[in-house]
Amino acid sequence: MGINGILDSWSCFGKNPELATRVLMDQVSAAVSHANPVRHVLELEKSGYLEDTRTLAIGTAMLYSIAFSAMYMFLYLTYGLMWF
């Protein structure tokens, strides 16, 4: 997987965030229901992403967690100043 795989998955997220989010949800649902998520492989190939879907799911989850943390910290640090 490595850092290059994560950066490639972030570039795929930048090109098509809806597809990356759907891959993340498919990976999570496959882990919960013990199924094999294969319905998005052709769409990944059409959009030019030929890497591992697990890496794409992990990179997307990292991006969402970073965005959520930044939003939470902004609200937490500015609560006393702007949110009366």
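F68 is exposed, with 51% relative accessible area. In this predicted model, F68 belongs to helix α4, which covers residues 53-82. The account below starts from that helix and then turns to the rest of the chain.

**Helix α4 and its surface patch**

F68 is one of the residues that make up a nonpolar surface patch of about 1100 Å². The other contributors are M71, Y72, M73, F74, L75, Y76, L77, L81 and M82. Helix α4 itself has 30 residues, and the distance from its first C-alpha to its last is 41 Å. That is close to the 44 Å expected at 1.5 Å a residue. The helix also has a kink of about 30°, with Y76 at its centre. Y76 therefore appears twice in this description: as the centre of the kink and, being exposed at 55% relative accessibility, as a member of the nonpolar patch.

Which residues of α4 are buried? They are T53, T55, L56, A57, G59, T60 and T78.

**The aromatic pair**

The count of aromatic pairs is 1. Y72 and Y76 form this pair, which is stacked, with 6.2 Å from centre to centre and 15° between the planes. Why do Y72 and Y76 lie about one helical turn apart? Both are in helix α4, and they are 4 residues apart there, so the separation is about one helical turn. An α-helix has 3.6 residues a turn, so residues three or four places apart point the same way. Y72 is partly exposed at 47% relative accessible area, because a value has to be over 50% to count as exposed. Y76, at 55%, counts as exposed.

**Helix α2 and the salt bridge**

The count of salt bridges is 1. It joins the side chains of E18 and R22, with 2.8 Å from N to O. Both residues lie in helix α2 (residues 17-33), and they are 4 residues apart, so about one helical turn separates them. E18 is partly exposed, at 46% relative accessible area, and R22 is partly exposed as well, at 25%.

Helix α2 has 17 residues and reaches 24 Å from first C-alpha to last, close to the 24 Å expected at 1.5 Å a residue. Its buried residues are L19, A20, T21, V23, L24, D26 and A30.

The accessibility values of the residues discussed individually are collected here, together with W10, which is taken up below.

| Residue | Relative accessible area | Class |
|---|---|---|
| F68 | 51% | exposed |
| Y72 | 47% | partly exposed |
| Y76 | 55% | exposed |
| E18 | 46% | partly exposed |
| R22 | 25% | partly exposed |
| W10 | 27% | partly exposed |

**The chain as a whole**

How many helices and strands does the chain have? Its secondary structure comes to 4 helices and 0 strands, and the order of elements from the N terminus is α-α-α-α. Of the 84 residues in the chain, 26% are buried.

W10 lies in helix α1, which covers residues 2-15. At 27% relative accessibility, W10 is partly exposed, since buried would require a value under 20%. W10 and M62 are 52 residues apart along the chain, and their C-alpha atoms are separated by 9.3 Å.

Notes
Residues numbered from 1 in each chain as written. Predicted model: local features only at pLDDT ≥ 70, side-chain atom pairs only at ≥ 80, totals over all residues. Heavy atoms only, no water. Patch = residues over 30% accessible without salt bridge, like charges linked within 9 Å, V, L, I, M, F, W, Y side chains within 5 Å. Areas by Shrake-Rupley, 256 points an atom, 1.4 Å probe, with all protein chains shown as cover. Salt bridge = Lys/Arg side-chain N within 4 Å of Asp/Glu carboxyl O. Helix = DSSP H or I, 4+ residues; strand = E, 2+ residues; numbered from the N terminus. Buried < 20%, exposed > 50% of the residue type's maximum accessible area, 1.4 Å probe, protein only. Expected span 1.5 Å × (residues − 1). Bend = angle between axes of the 7 residues up to and from the residue. Phe/Tyr/Trp six-rings, centres within 6.5 Å; stacked < 30°, edge-to-face > 60°.
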